[in-house]
Amino acid sequence: MNTNETIGQFFRNRMKRSVVAAIGLLAYAVGVYFQLQADLGMQPWQAMRLGLANNLSVTFGTVSIVMSLVLIVIDLFLKQRIGLGTFLDAFLVGLGVDICIYLDFLPVQSNIAFQLFWLFAGMVVCSVGQWFYMTAALSCGPVDSFLLGIGSLFPKVSIGKVNLGILAVVLAICLVLKSPLGLGTVITVFGTGFIMDAVFKMVKFNPRDVVHEGLTDTAKQFLKALSHH
């Protein structure tokens with residue numbers, strides 16, 4: 001983080017990082033859409049959103065945004081940094097999935113081989129999207145902040161295994177909500193964490209090493225840059 005930015009450098013830096021974060025988040029949304037179209041049952045977080053959307057007769061994106069805002073409050077209690085990236089995540093992922101559904105560029109799959117292919121493709125794309133937007137260091141999205149917050153309580157446990165534990169709890173909530181579950185749900189519960197670990201290891205990325213910029217940090221940098229104007 002540059003502590004001696006001019007006001008122009010400040011805006012260029014945040015714009016560049018925001019674009020990087022947005023690209024990663026939209027990629028993540030495409031990954032969620034792939035899992036949805038695989039029609040084998042989605043991972044617990046998405047299944048819970050879809051179940052609520054079906055019961056409330058609202059769009060998947062609307063539920064995603066509301067849930068993200070609720071999680072932001074929880075993340076604050078977990079002492080996680082909330083920044084520009086957090087709010088980009090809260091709005092872009094849900095919006096991105098809604099756009100993919102509207103464009104309808106991938107038919108709902110019915111062949112088990114293609115269902116499994118798009119399910120795993122979605123999991124990989126989601127992990128790549130997570131890595132890409134986290135590199136912007138503008139703070140994690142609501143779910144990932146929650147993941148890192150819980151992960152910080154268990155520093156010796158890999159982030160993938162922590163994610164597995166969280167997904168198991170969310171899965172139990174899905175059962176209570178009667179969310180749409182299936183073989184794909186089971187696969188994602190056990191596979192998402194391992195794929196995440198594999199992707200992060202492949203790109204030599206450890207999310208715990210990223211020093212995220214929160215809103216307070218952004219405000220301080222803005223005021224400092226303004227004073228140099």
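Is Gln-37 buried or exposed? In this predicted model, Gln-37 is buried, because its relative accessible area is 8%, which falls under the 20% limit for that class. The residue belongs to helix H1, and, leaving aside neighbours within four places in sequence, Gln-37 is in contact with Asp-104, Leu-106, Pro-107, Val-108 and Gln-109. A further relation between separate parts of the chain appears here, since the C-alpha atoms of Gln-37 and Ser-110 are separated by 9.3 Å while the two residues stand 73 residues apart along the chain.

Helix H1 also holds Ser-18. This serine counts as buried because its relative accessibility is 18%, and, when residues up to four places away in sequence are not counted, Ser-18 touches Leu-84, Leu-88 and Leu-138.

**The nonpolar cores**

The largest nonpolar core has 47 residues, and Val-32, Trp-45 and Ile-166 are those with the most contacts inside it. At least two residues of this core come from each of the helices H1 (7–38), H2 (44–56), H3 (60–77), H4 (84–103), H5 (112–134), H6 (142–151), H7 (159–177) and H8 (183–202). The largest share, eight residues, is supplied by H1. Apart from this core lies another one, of five residues, which include Tyr-33, Cys-100, Leu-106 and Ala-121. As for Ile-166, the residues that it touches are Trp-45, Phe-146, Leu-147 and Ile-150, not counting those up to four places away in sequence.

**Helix H2**

Which residues of H2 are buried? They are Pro-44, Trp-45, Gln-46, Ala-47, Met-48, Arg-49, Leu-50, Gly-51 and Ala-53, and what covers the buried residues of this helix includes H1, H3, H6, H7 and H8. The length of H2 can be checked by a short calculation: at 1.5 Å a residue, its 13 residues should span 18 Å, and this agrees with the end C-alpha atoms, which are 18 Å apart. The expected span is reckoned with one less than the number of residues, so the multiplication does not use the full count. After H2 comes Ser-57, whose phi is positive, near 55 degrees.

**Positive phi values**

Most residues other than glycine have a negative phi. Against that background, two lysines may be set side by side in the table.

| Residue | Phi | Relative accessibility |
|---|---|---|
| Lys-79 | near 65 degrees | 77% |
| Lys-204 | near 55 degrees | 78% |

Lys-79 has its place in the loop between H3 and H4, whereas Lys-204 lies in the loop between H8 and helix H9 (215–227). Lys-79 counts as exposed because its relative accessibility is 77%, and Lys-204 counts as exposed because its value is 78%; the limit that decides this class is over 50%.

**A nonpolar patch on the surface**

On the surface, Leu-69, Leu-84, Phe-87, Phe-91 and Leu-215 form a nonpolar patch, and together they have about 390 Å² of accessible area. Helix H4 gives the most to the patch, with three residues. Phe-91, one of the residues that form the patch, lies in helix H4, and Phe-91 counts as partly exposed because its relative accessibility is 40%. Leu-84, which is also listed in the patch, is one of the residues that Ser-18 touches.

Technical notes: Residues are numbered from 1 along each chain as its sequence is written. This is a predicted model: local features need pLDDT of at least 70, side-chain atom pairs count only at pLDDT 80 or more; totals for chains, interfaces and linings use all residues. Side-chain values use heavy atoms; hydrogens and water are left out. A nonpolar core is a set of buried Ala, Val, Leu, Ile, Met, Phe, Trp, Tyr and Cys residues joined through side-chain atoms within 4.5 Å. Buried means under 20% relative accessible area, exposed over 50%, partly exposed in between (1.4 Å probe, protein chains only). Helices (H or I, at least four residues) and strands (E, at least two) are DSSP runs, numbered from the N terminus. Contact means heavy atoms within 4.5 Å. Patches are made of residues with over 30% relative accessible area and no salt bridge: like charges are joined within 9 Å, nonpolar side chains (Val, Leu, Ile, Met, Phe, Trp, Tyr) within 5 Å. Accessible areas come from the Shrake-Rupley method with a 1.4 Å probe; for residues, only the protein chains shown count as cover. A salt bridge is a side-chain nitrogen of Lys or Arg within 4 Å of a carboxyl oxygen of Asp or Glu.
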